[in-house]
Amino acid sequence: EQTKDANGNVEEEKKSESEDEDNAPDLYEPTFEFGELFGYWDKESPSNTYIPPQFETLKEEVTNDKNSYHLDEEEWNDFVAKATHFEKRMYDKDSEDKLYPVKANNKPYFNKLFDINPGDPMTTE
């Protein structure tokens, strides 16, 4: 909708943010809306929902060209470099541009499952 200011110039009337959001198209489909929760990590899962890994490493999985959204080697190396940079900023005491360090929480089930102790630093391993 257009209006005129005191000098007769045409101005567009601004919509509120909520009006913009209401009229915005859906850009992303949800990952899932319903389904079964699987235990990707827990071979001893009592619900019998363990799914064995298809690849030996995360790198093999995300750089596999049979994966529609795979990364090429250069993209993988960029992510590793960024993660290593953040790791250094969090835990290297001599870092000039320190970040708040991320440490493992005390969640006994997950600590045991992933063999991570509460307070352990985040790593790129």
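Asn-111 is found in helix H4. The model is predicted. Asn-111 has a relative accessibility of 12%. This value falls under the 20% limit, so Asn-111 counts as buried. With neighbours within four places in sequence left aside, Asn-111 is in contact with five residues named here: Asn-105, Asn-106, Ile-116, Asn-117 and Pro-118.

Helix H4 spans residues 108-114. Aromatic rings were examined next. A search of the whole structure finds two aromatic pairs. One of them joins Tyr-109 and Phe-110. The centres of these two rings lie 5.0 Å apart. Their planes meet at 85 degrees, and the pair is edge-to-face. Phe-110 also pairs with Phe-114. Here the ring centres are 6.2 Å apart and the planes stand at 10 degrees. An angle under 30 degrees counts as stacked, so the pair of Phe-110 and Phe-114 is stacked. Ring pairs thus link Tyr-109, Phe-110 and Phe-114 into a cluster.

The placement of Phe-110 and Phe-114 along the helix was also considered. Both residues belong to helix H4, four residues apart. Because of this spacing, about one helical turn separates Phe-110 and Phe-114. Phe-110 has a relative accessible area of 44%. Phe-114 has a relative accessible area of 34%. Values between 20% and 50% count as partly exposed. Phe-110 is therefore partly exposed, and Phe-114 is partly exposed as well. Asn-111, in helix H4, is instead buried.

A further site lies in helix H3. This helix covers residues 73-91 and includes Arg-89. The relative accessible area of Arg-89 is 15%. The cut-off for a buried residue is under 20%, so Arg-89 is buried. The side chain of Arg-89 reaches the backbone oxygen of Asp-97 at 2.7 Å. Asp-97 is also among the contacts of Arg-89 when neighbours within four places in sequence are left aside. The others in that set are Ser-95, Lys-98 and Leu-99.

A charge over a ring was found as well. Lys-82 lies over the face of Phe-79. The distance from Lys-82 to the ring centre is 5.9 Å.

Key. Residues numbered from 1 in each chain as written. Predicted model: local features only at pLDDT ≥ 70, side-chain atom pairs only at ≥ 80, totals over all residues. Heavy atoms only, no water. Helix = DSSP H or I, 4+ residues; strand = E, 2+ residues; numbered from the N terminus. Buried < 20%, exposed > 50% of the residue type's maximum accessible area, 1.4 Å probe, protein only. Polar contact = N/O pair within 3.5 Å; in protein donor to acceptor, adjacent residues only side chain to side chain. Contact = heavy atoms within 4.5 Å. Phe/Tyr/Trp six-rings, centres within 6.5 Å; stacked < 30°, edge-to-face > 60°. Lys NZ or Arg CZ within 6 Å of the ring centre and 35° of its normal.
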